[in-house]
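The exercises below are to be worked through with the sequence and the coordinates at hand. Each task is followed by a solution in steps.

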Amino acid sequence: MSLTLPEVQRIAYLARIEVSEAEAETSRQHLNGIFSLIEAMQAADTQGVEPMAHAQDVGQRLREDRVSHLDPDGVQRARFQAIAPETEAGLYLVPKVIE
Amino acid sequence: MNQWEVVIGLETHVQLATASKIFSGASTAFGAAPNTQASPVDLALPGVLPVLNKGAVECAIRFGLAVDAQVAGKSVFARKNYFYPDLPKGYQISQFELPVVQGGHVAIAVGQGDKAYEKRVQLTRAHLEEDAGKSLHEDFHGKTGIDLNRAGTPLLEIVTEPDMRSSDEAVAYARALHALVRWIGICDGNMQEGSFRCDANVSVHRPGTPFGTRREIKNLNSFRFLKEAIEYEIRWQIETLEEGGTIQQATVLFDPATGETRSMRTKEDAHDYRYFPDPDLLPLVISPEWIARTKAALPELPEARKQRFIADYGLSAYDATTLTAALETAAYFEAAVAVAGKPGAKPCANWVMVDLAARLNKEGLEITQSPVTAAQLGGLVARITDNTLSNAIAKKVFEALWAGEGSSADEIIEKQGLKQITDTGAIEKLVDEVLAANAANVAEFKAGKEKAFNALVGQVMKAAKGKANPQQVNELLRQKLAG
């Protein structure tokens, strides 16, 4: 399997990454290189092998349901918002989005 | 309209009643100051990692068991990728290929009286996911305000098969599901606060032909809106098709002000979510022991309790359904019967469903806040079944209990001298006095006027201050007048 240039450009758009025509062609070659690796791996017989969702074959560790982040006075919020471009009344402000 | 068949499937987002978020230790409490319950994980600051909340998983297991579904021994979290300012990571952590709950069904009762019927709605799946933050579009000089307190709140998305055939069936399902998630304690059910939201997939087709193209109505947060939105959508689709048009697959919003649905302007690629397993999270493993433990701790389920009420207390299906609509109501009823005794079960059911419900409704109280406790109501019913009180006087005692004029029905009966007079001798004496003093009524009755009899009953009851047993008064009067 190999990708076409429009497919690469669509993937870039969906990921909101701006790529020039030249970059798209370079990316296409890189991605196709990865696909060829996958093709090589697909030659291995995996019949009867359960697919894995993660490289590590262990289960997720769980956290007890307890509140550990407390910020009633907004002290931490002020620190987080210090790096935000714009805030007001405790809210992060962003360009208007209306569906 | 008859030649069209309606097909509806529902997706419901149930907010899980955990203290903390699904992947962070921030609180899920409603109504806090903006962004004071948004931890670095919820804000997607660089380097943070999600850690799954055991409580949220426990809720999913409870639900799976309650709907007789398969609880997956291994399920996988996936990233659903899209860009929106209230989703700081650029993806929502959800489940895609391997959800935690698979299959299952919910029993629904539709309609009333002769047209009532029962039906099973099959579930496709239920999966765990995180909620997004909230966008506020007003008052920020042309900008949108973002509050991330809700971001990361645990949700269980419950998806049905396209099994419903009318808006009534859809509402019956939504109500049954709402009652169930509250019953098993996984959701507070608060629809105003968005704890229970439905998306409805609606299509129409001619029977015997393939399903029509569906449109999805998003974010319905009341049963009334659910019904209105589906009914509008059905009419719109049928009209469009009958006028020769076609239905385009679309996501629509319901406007409660106009009662109409309208298409959301979405780009064609909006639904290309590029799901893939989240490398930050290992598969969720649920052991058979955990499932067994959860099963043992599950309360008796509504359907089982309903059947038990019918079998043990001789209640009608209607009464049993009403009393098992909420766990609190069922518990109150049984606590009252425990005091009143089994012969008092039917009167207890009536008091809970009629008098108590009306009084609570009038004061805007929940049954758990009732000033009259279940034990007090049971005590009151016991005095009705043993003939100490007539129904009319019982209502007075109920009001006195409500007002806190005594700690039990017995105390109020004693203090206020409300005991029903059942002593035949005493009633006979009153009847004789009334007959002697109302010769005119007696003459009228003997001349064939039935009304005069009622007047005489009224006189006796008045003389007894309402406390005489009405049946005995009737019988004695008939005997004396006939003699």
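**Exercise 1. The nonpolar cores**

Which residues of the largest nonpolar core touch the most other members?

Solution. The model is a predicted one.

Step 1. The largest nonpolar core has 67 residues, and those that touch the most other members are B:Ala60, B:Phe63, B:Leu156, B:Ala170, B:Tyr173 and B:Ala200.

Step 2. Helix H3 of chain B, residues 167-183, supplies the largest share of this core, namely nine residues.

Step 3. Take B:Ala170 as an example. Once neighbours within four places in sequence are set aside, B:Ala170 is in contact with B:Ile8, B:Leu10, B:Met164, B:Ala200, B:Leu226 and B:Ile230.

Step 4. Another core, of 36 residues, lies apart from the largest one; B:Phe333, B:Ala374, B:Ile393 and B:Leu418 are among its members.

**Exercise 2. Two residues with positive phi**

Determine where A:Arg16 and B:Asn35 are placed, and decide for each whether the residue is buried or exposed.

Solution.

Step 1. Begin with the backbone angle. A:Arg16 is not a glycine, yet its phi is positive, at about 55 degrees. B:Asn35 is likewise a residue other than glycine, and its phi is near 65 degrees.

Step 2. Locate each residue. In chain A, the loop between helix H1 (5-14) and helix H2 (21-42) holds A:Arg16. In chain B, the loop between strand E1 (5-15) and helix H1 (40-43) holds B:Asn35.

Step 3. Apply the neighbour count. A residue is exposed with 12 or fewer other C-beta atoms within 10 Å and buried with 20 or more. A:Arg16 has 8 C-beta neighbours inside 10 Å and therefore counts as exposed. B:Asn35 has 28 other C-beta atoms within 10 Å and is therefore buried.

**Exercise 3. The surroundings of B:Tyr232**

Describe the position and the contacts of B:Tyr232.

Solution.

Step 1. B:Tyr232 belongs to helix H4 of chain B, residues 223-242.

Step 2. B:Tyr232 counts as buried because 20 C-beta neighbours lie inside 10 Å, and the cut-off for a buried residue is 20 or more.

Step 3. Not counting residues up to four places away in sequence, B:Tyr232 touches B:Gly259, B:Glu260 and B:Thr261.

Step 4. For a sense of scale, consider B:Ala336, which is 104 residues from B:Tyr232 along the chain; the C-alpha atoms of the two are separated by 44 Å.

**Exercise 4. A three-stranded sheet**

In what order do the three strands of the open sheet in chain B run?

Solution.

Step 1. The order is E5-E4-E16, and the pairing is antiparallel.

Step 2. Strand E5 (91-95) and strand E16 (276-277) are the edge strands, since each pairs on one side only.

Step 3. Between strand E4 (residues 77-81) and E5(B) there are five bridges in the antiparallel sense. Within this pair, B:Ala78 stands opposite B:Ser94.

**Exercise 5. The overall form of chain A**

Compare the radius of gyration of chain A with the value for a compact globule.

Solution.

Step 1. Chain A contains three helices and two strands, which follow the pattern α-α-α-β-β along the sequence.

Step 2. The radius of gyration of chain A is 23 Å, whereas a compact globule of 99 residues would have one near 13 Å.

Step 3. Along the principal axes, the C-alpha atoms of chain A fill a box of roughly 60 × 45 × 25 Å.

Step 4. Of the 99 residues in the chain, 9% count as buried.

**Exercise 6. The contact between the chains**

Which element gives the most residues to the side of chain A that touches chain B?

Solution.

Step 1. Chain A contributes 33 residues to the contact and chain B contributes 44 residues.

Step 2. On the side of chain A, helix H3 (75-81) and strand E2 (91-95) are the elements that give two or more residues. E2(A) gives the most, with five residues.

Step 3. By class, this side of chain A has 15 nonpolar, eight polar and 10 charged residues.

Step 4. E2(A) pairs with strand E10 of chain B, residues 143-147, in the antiparallel sense over four bridges. The bridge partner of A:Pro95 is B:Lys143, and that of A:Val94 is B:Thr144.

Step 5. Within chain B, three bridges join E10(B) to strand E9, residues 134-136, and these strands run antiparallel. B:Ser135 has B:Ile146 as its bridge partner. E9(B) and E10(B) form a hairpin with six residues between them, and B:Asp139 in the turn has a positive phi of about 65 degrees.

Methods. Residues numbered from 1 in each chain as written. Chains lettered and ligands numbered in written order. Predicted model: local features only at pLDDT ≥ 70, side-chain atom pairs only at ≥ 80, totals over all residues. Core = buried A, V, L, I, M, F, W, Y, C linked by C-beta atoms within 7 Å. Contact = placed C-beta atoms within 7 Å. Pairing = 2+ DSSP bridges. Nonpolar A, V, L, I, M, F, W, Y, C, P; charged D, E, K, R; others polar. Rg over C-alpha atoms; globule rule 2.2 N^0.38 Å.
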